[in-house]
Amino acid sequence: MTDLRLEELSAATIVAVNTLGLKPGQEQFVTPVSYAAAAAVTPAHTAWQRVVLDGTNVVGFIHGHFDPEASQEEFQAALWRINVDAEAQGEGVGTFAVNALIDEARRRGVSKLTVLWERGEDGPEEFFLHIGFVPVGETPYGEVIGAITL
């Protein structure tokens, strides 16, 4: 994957994002409970949503969340969601997307980015640790709160 680029989520790309494939066992880790609950009250202007394209093919999606007024610290600047197509996993797509989110966070003057994940076989923990997130706590639902200092 040498031609990776980001594009804002749009009507032209949302269908492709919704059809990104998962590897067997990953479906249980797509949206942590805490994010699903918080999303119900999240204003749209706090979202930073991008698709990752390899040439003209959508191979990933990342959703960052920036709300310095959020009452829970883990939601003030967060990697809200990342999906990489099963066939593109392990090719640098996720790292490319998270690094772009980190760059956006720095541009906004953010000093710490968080992410939530559930532990388990086939889960995203190894990826988040590889990127540099460090476990700093746990949600009431038992999800790991990870943070990376920028």
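In the predicted model, Gly60 is a buried residue with a relative accessible area of 0%. This glycine belongs to strand S3, which spans residues 57-66. Once the neighbours within four places in sequence are set aside, Gly60 is in contact with Leu20, Arg50, Val51, Val52, Asn83, Val84 and Val93. A further relation links Gly60 to Ala16: the two residues are 44 residues apart in sequence, yet their C-alpha atoms are 9.2 Å apart in space.

Asn83, one of the residues in contact with Gly60, is located in strand S4. Asn83 counts as buried because its relative accessibility is 13%, and the limit for that class is under 20%. The side chain of Asn83 takes part in a polar contact of 2.9 Å with the side chain of Arg81.

These residues belong to a protein whose secondary structure comprises four helices and seven strands. Read from the N terminus, the elements follow the order β-α-α-β-β-β-α-β-α-β-β. The protein has 150 residues, and 43% of them are buried. Its exposed surface amounts to about 8000 Å², of which carbon and sulfur atoms supply 49%. Contacts between residues at least 6 apart in sequence were also examined; 63% of them join residues at least 24 apart.

Several individual residues illustrate such relations between separate parts of the chain. Gln76 is placed in the loop between S3 and S4. With a relative accessible area of 28%, Gln76 is partly exposed, since this class covers values between the 20% limit for buried and the 50% limit for exposed residues. Residues up to four places away in sequence not being counted, Gln76 touches His65, Phe66, Asp67, Pro68 and Ala70. With Ala70 there is a specific approach: the side chain of Gln76 reaches the backbone oxygen of Ala70 at 3.1 Å. Gln76 and Thr46, which are 30 residues apart in sequence, have C-alpha atoms 9.4 Å apart in space.

Phe66, which is touched by Gln76, is also in contact with Val110. Val110 lies in the loop between H3 and S5. Apart from neighbours within four places in sequence, the contacts of Val110 are Phe66, Ala77, Ala105 and Leu150. Although Val110 and Phe66 are 44 residues apart along the chain, 8.9 Å separates their C-alpha atoms.

Leu150, another contact of Val110, is also paired by distance with Arg106. The C-alpha atoms of Arg106 and Leu150 are separated by 6.9 Å, while the two residues are 44 residues apart along the chain. Arg106 is part of helix H3. The relative accessible area of Arg106 is 47%, so this residue is partly exposed.

The empty space around the protein was examined next. Rolling a probe the size of a water molecule over the atoms shows where such space is left. The largest pocket has a volume of about 680 Å³. Its lining consists of 31 residues, and those lying nearest the centre of the pocket are Gln26, Ile82, Gln89, Pro124 and Phe127. Classification of the lining gives 17 nonpolar, nine polar and five charged residues. At least two lining residues are supplied by each of strand S4 (77-84), helix H3 (93-107), S5 and H4. Strand S4 provides the largest share of the lining, with six residues.

The loop between strand S5 (112-117) and helix H4 (125-131) contains Asp122. The backbone of Asp122 is notable for a positive phi of about 75°, although the residue is not a glycine. Asp122 counts as partly exposed because its relative accessibility is 42%, a value between the limits of 20% and 50% that bound this class.

Conventions:
Residues are numbered from 1 along each chain as its sequence is written. This is a predicted model: local features need pLDDT of at least 70, side-chain atom pairs count only at pLDDT 80 or more; totals for chains, interfaces and linings use all residues. Side-chain values use heavy atoms; hydrogens and water are left out. Buried means under 20% relative accessible area, exposed over 50%, partly exposed in between (1.4 Å probe, protein chains only). Contact means heavy atoms within 4.5 Å. Accessible areas come from the Shrake-Rupley method with a 1.4 Å probe; for residues, only the protein chains shown count as cover. On a 1 Å grid over the protein atoms alone, a cavity is a set of points where a 1.4 Å probe fits but cannot get out, and a pocket is an open set with protein on both sides within 12 Å along at least five of seven lines; lining residues have an atom within 4 Å of a point. Grid points are joined across faces, edges and corners, and a volume is the space filled by probe spheres set on the points. Ala, Val, Leu, Ile, Met, Phe, Trp, Tyr, Cys and Pro count as nonpolar, Asp, Glu, Lys and Arg as charged, and the others, Gly among them, as polar. A polar contact is a pair of N or O atoms within 3.5 Å; within protein, one must be able to donate a hydrogen and the other to accept it, and residues adjacent in sequence count only if both atoms are side-chain atoms.
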